[in-house]
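Me: Please take a close look at any cavity in this model, and then work outwards to the ligands. Plain numbers and cut-offs are what I'm after.

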Amino acid sequence: MWGWIALAVFIVFIIVLYLLSPLISPPQINLKDSHVLITGGSSGIGKALAIQAVQQGSKVTLLARDKLKLEEAKKEIHKYVIEDDCEQRVQTVSVDLSGDYQLVESLLHNAESSLGGVDILINCAGTSSPGRFDELPVSEFRKMMEINYISAVHATRALLPGMKERGRGRIVFVSSQAGQLGLFGFSAYSASKFALRGLAEALQMEVKPYNVYLTLAFPADTNTPGFQEEQKSKPLETKLISETSGLFSAENVASIILADTVRGRFFSSMGLDGIMLSCLTCGFSPVTSLMEATQQVVTMGIFRIISLFYLDHFDRIVRRCKLDKETRNSEKKNI
Ligand SMILES: NC(=O)C1=CN([C@@H]2O[C@H](COP(=O)(O)OP(=O)(O)OC[C@H]3O[C@@H](n4cnc5c(N)ncnc54)[C@H](OP(=O)(O)O)[C@@H]3O)[C@@H](O)[C@H]2O)C=CC1
Ligand SMILES: CCCCCCCCCCCCCCCC(=O)[C@@H](N)CO
């Protein structure tokens with residue numbers, strides 16, 4: 001008898017959640033004919049995002065520093081432009097986003113003059129320099145903040161006023177799972193990715209009344225030119241810990257980010273570990289789906305328990321690597 005009542009209450013609860021969901025969920029945005037500006041659009045995740053956006057009918061601006069790489073990416077992306085759509089265009093902007101703000105602003109406004117106001121800004125430009133804290137040059141900490149954080153501030157600062165005026169827009173920050181937990185070898189990188197979260201939460205509260213929605217993406221390791229480069233200098237501990245979450249393709253990551261952006265979801269996470277991590281670390285984040293909020297409330301405790309096992313596993317990796325290193329060193333001395 002009580003079992004049936006509990007089941008009925010649960011079903012009514014789920015129905016109420018579904019009925020209330022549209023009140024909280026942001027309205028969807030249409031990729032067709034939208035102007036999507038992608039920083040870091042000449043490589044890796046950014047390029048995959050650009051390809052998928054043009055496949056869905058968007059006009060795209062790619063922004064990065066290297067002109068040659070930009071031109072090559074533009075050529076490649078052009079192949080995916082919908083044929084019967086003469087209006088659709090792909091353009092490039094070459095600038096160091098972390099440099100002079102006035103220059104960034106004027107180039108971004110020029111980009112808007114030719115393709116129309118930016119509807120979706122994807123802040124994907126970024127890089128990582130892994131290494132132990134006391135082996136990284138102090139300059140790397142500033143560089144990480146400038147490339148991964150200040151670049152996003154610059155692009156957003158230049159394009160947000162237009163979005164507010166038009167009463168429509170989406171802003172994506174590509175953070176990382178290393179922006180949800182700090183891990184060995186990522187002291188400089190993690191801090192810059194955590195910074196994006198503070199920015200996104202504060203900004204979302206400001207711009208929601210203007211119908212501008214933010215998405216904070218947390219990819220795991222993704223197979224891109226940037227990832228291949230970082231592998232060369234990554235400490236073994238960092239590799240072993242990161243591997244826990246798997247290796248994704250840029251296409252897979254891009255399609256998840258794009259779908260979450262269209263739906264206006266605040267968190268964009270991938271893989272089972274990614275979803276668990278976002279529930280566990282949701283903190284005071286904005287609610288963009290009642291179902292998601294319910295999931296967070298129900299699962300947070302259990303995910304914390306699971307995380308204790310992960311933490312123990314990571315500590316063991318660090319201890320084992322330290323022991324191995326010490327053994328190797330003493331063997332060398334004995335020779
Ligand atoms: N790959 C991975 O494992 C993961 C990546 N991420 C994040 O995703 C984003 C993309 O990564 P990924 O695709 O691997 O990176 P890539 O290195 O493949 O591409 C980085 C892009 O950013 C551009 N860029 C870098 N610095 C600047 C700058 N100062 N001004 C303008 N453009 C710049 C690069 O072009 P150019 O050099 O010509 O300027 C390039 O287009 C990064 O923010 C990264 O931190 C997050 C989690 C995992
Ligand atoms: C309930 C608890 C679940 C816990 C899951 C923990 C998984 C931790 C894995 C961390 C992986 C970090 C990858 C960073 C990739 C990155 O940003 C660089 N490759 C950038 O180039």
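**Cavity first, then the ligands**

Reply: Counting only cavities of 30 Å³ or more, you get one. A cavity here is a set of points on a 1 Å grid over the protein atoms alone, where a 1.4 Å probe fits but cannot get out. Bear in mind that this is a predicted model, where local features need pLDDT of at least 70 and side-chain atom pairs count only at pLDDT 80 or more, while totals for chains, interfaces and linings use all residues. On bookkeeping, residues are numbered from 1 along each chain as its sequence is written, chains are lettered from A and ligands numbered from 1 in the order written, and side-chain values use heavy atoms, with hydrogens and water left out.

The largest cavity holds about 40 Å³; volume means the space filled by probe spheres set on the points, which are joined across faces, edges and corners. Its lining (residues with an atom within 4 Å of a point) includes Thr39, Leu97, Asn123, Cys124, Ala125 and Lys193. Helix H5 (138-166) and helix H6 (187-207) each put at least two residues into that lining, and H5 has the largest share, with four. Helices are DSSP runs of H or I with at least four residues, strands are E runs of at least two, and both are numbered from the N terminus. By class, the cavity lining has seven nonpolar residues, four polar and one charged. In this scheme Ala, Val, Leu, Ile, Met, Phe, Trp, Tyr, Cys and Pro are nonpolar, Asp, Glu, Lys and Arg are charged, and the others, Gly among them, are polar.

Leu97 takes us on to ligand 1: besides lining the cavity, Leu97 has a polar backbone atom 3.0 Å from a nitrogen atom of ligand 1. That's a polar contact, meaning a pair of N or O atoms within 3.5 Å. Two oxygen contacts to the backbone are listed as well, at 2.8 Å to Ile45 and at 2.8 Å to Thr222. On its own ligand 1 has 890 Å² of accessible area, and the protein covers 92% of it (Shrake-Rupley, 1.4 Å probe). Helix H2 (44-55), H6, strand S7 (221-223) and helix H7 (225-231) are the elements that give two or more residues to the shell, with H7 giving the most, at three. The shell has 30 residues, and Ser42, Ser43, Arg65, Thr222 and Thr224 come nearest; to qualify, a residue needs a heavy atom within 4 Å. The split is 13 nonpolar, 11 polar and six charged.

H7 also turns up at ligand 2, where H7, helix H10 (271-280) and helix H11 (290-334) each supply at least two shell residues. Here H11 gives the most, with three. Ligand 2 has 17 residues around it, Asp221 and Phe303 being among the nearest, and its shell splits into nine nonpolar, six polar and two charged. The contacts use side chains: an oxygen atom of ligand 2 sits 2.6 Å from an N or O atom of Ser176, Tyr189 has a polar side-chain atom 2.7 Å from a ligand oxygen, and a nitrogen of ligand 2 is 2.7 Å from a side-chain N or O atom of Glu230. The protein buries 94% of the 610 Å² that ligand 2 exposes when taken alone.

Stepping back, the protein has 11 helices and nine strands, and its C-alpha atoms fill a box of roughly 70 × 70 × 35 Å along the principal axes.

Notes
1 Å grid on protein atoms, 1.4 Å probe; cavity = no way out; pocket = protein on both sides within 12 Å on 5 of 7 lines; lining within 4 Å. Polar contact = N/O pair within 3.5 Å; in protein donor to acceptor, adjacent residues only side chain to side chain.
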